[in-house]
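Hi everyone, thanks for coming. I'd like to walk you through one structure today, so let's put it up on the screen.

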Amino acid sequence: MNLQQVLPWRQETTRALELEELIDRHQSMVFSLAWRMTGDRGLAEEIAQDVLLELDRNLGKLTSEDHARFWLRRVTMHRATDALRRRQRREPGWEKGFWVELEERHGLAEPELDSPLGARVEALLAELPEAQRAALLLRYQEEMTPEEIAATLNSPVATVKSQLQRGLKRLRAKASQSLKEYVRGA
Amino acid sequence: MELDDLEPKELEELERKLRLALQRRPAPLGLKQRVLAQARQRRLEGRKVQQGRGWVLKRIAASVLLAAAFGGFAVYRQQEERRKGEAAREQVLTALRITNRTLDRVSDHLVDESK
């Protein structure tokens, strides 16, 4: 067997292993972002699958772990936002209360993971405008700074800060009674 | 911060609860396997397309070579015909020149005889 026959096989194996490792490290991040942006578990699975396949196509362009993470977050948020907008065009008013209805009627909540507060926060998040939801998710799920969020969403930093503030204010206003009880009672 | 009706401690607590509530959820079972299987399939299909493309390119190259060979032969034939034509023309001219000279000599001879 000559070198030319061996090398492509080795490159492919290395590449497959690299992809598998990246999926292991980042699939829950991708899925969680997609689910909380769309409020739809099935749609979130589709988005996560597309994004991870796209990752495979772009492996050669990613230069580091940080770069891969940045890329995944960016692509996931864009795909989720696009999916939301497509659905809203098809079914106006679809989004309002969808998350809560889905969880309550179809039992798709995961009881071992969901606290009442967690489920409530996710439901409230789904009622926010998508830009505020995106900013809050990246801030509190991904622990990103406003500057990092701005780079991911391709948005000015001042806009991101404003969305974070407004999003928090809205969350608080919508859930003022129940959240205050939790905050003060803790 | 615009949330001036919340005390800093309350805001801190709100953010803490948000972080807790928004911890990442595990990905669905089988997601990784599906992605890896599709990626593998796509690479296999890509290789087949490349091999197919290689075969087509080889056919095109062979056709171009054949066309060039035939074209070259046609040009050679054309040039050969032209050369033969030129040679034939030269022969005719030579024959005419010889005939002309002969006729001149005959004419001179007749003139001499008449004298």
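Here's something to start with: are α3(A) and α6(A) roughly parallel or roughly antiparallel to each other? Before I answer, please keep in mind that this is a predicted model.

Have a look at helix α3 of chain A, residues 65–90, and helix α6 of chain A, residues 130–140. Their axes come within 12 Å and cross at roughly 150 degrees. Angles over 145 degrees count as roughly antiparallel, so α3(A) and α6(A) are roughly antiparallel to each other. The crossing of this pair is right-handed.

Which residues meet there? From α3(A) we have A:M77, A:T81, A:L84, A:R85 and A:Q88, and they face A:E130, A:R133, A:A134 and A:L138 from α6(A). By character, that contact splits into 4 nonpolar, 2 polar and 3 charged residues.

Now stay with α6(A) and turn to its other partner on my list, helix α7 of chain A, which covers residues 146–153. Here the axes are 10 Å apart and the packing angle is about 130 degrees. α6(A) and α7(A) are therefore oblique to each other. This crossing, too, is right-handed. On the α6(A) side the contact uses A:A134, A:A135, A:L138 and A:R139, while α7(A) brings A:I149, A:T152 and A:L153. That set divides into 5 nonpolar residues, 1 polar and 1 charged. If you were following the names, A:A134 and A:L138 appear in the contact with α3(A) and also in the contact with α7(A).

Let's move on to where chain A meets chain B. Chain A puts 49 residues into that contact, and chain B puts in 30. Together they bury about 4000 Å², with carbon and sulfur atoms giving 58% of that area.

And how many salt bridges are there between chain A and chain B? The count is 8, and the structure holds 20 over all chains.

Let me show you two that involve both chains. In one, the side chains of B:R34 and A:E45 meet, at 3.0 Å from N to O. B:R34 sits in helix α2 of chain B, residues 31–114, and A:E45 in helix α2 of chain A, residues 41–58, so this pair joins two chains. In the other, B:R43 pairs with A:D56, and the closest N and O atoms are 2.9 Å apart.

That's my tour. I'm happy to rotate the view for anyone who'd like another look.

Note on methods
Residues are numbered from 1 along each chain as its sequence is written. Chains are lettered from A and ligands numbered from 1 in the order in which they are written. This is a predicted model: local features need pLDDT of at least 70, side-chain atom pairs count only at pLDDT 80 or more; totals for chains, interfaces and linings use all residues. Side-chain values use heavy atoms; hydrogens and water are left out. Axes are lines fitted to C-alpha atoms, for helices over the stretch in contact, and angles run from 0 to 180 degrees between N-to-C directions. Helices (H or I, at least four residues) and strands (E, at least two) are DSSP runs, numbered from the N terminus. Angles under 35 degrees count as roughly parallel, over 145 as roughly antiparallel, 65 to 115 as roughly perpendicular and the rest as oblique. A crossing is left-handed if the near helix is turned anticlockwise from the far one by less than a right angle, and right-handed if clockwise. Contact means heavy atoms within 4.5 Å. Ala, Val, Leu, Ile, Met, Phe, Trp, Tyr, Cys and Pro count as nonpolar, Asp, Glu, Lys and Arg as charged, and the others, Gly among them, as polar. Buried area is the accessible area (1.4 Å probe) that two parts lose on being put together, summed over both. A salt bridge is a side-chain nitrogen of Lys or Arg within 4 Å of a carboxyl oxygen of Asp or Glu.
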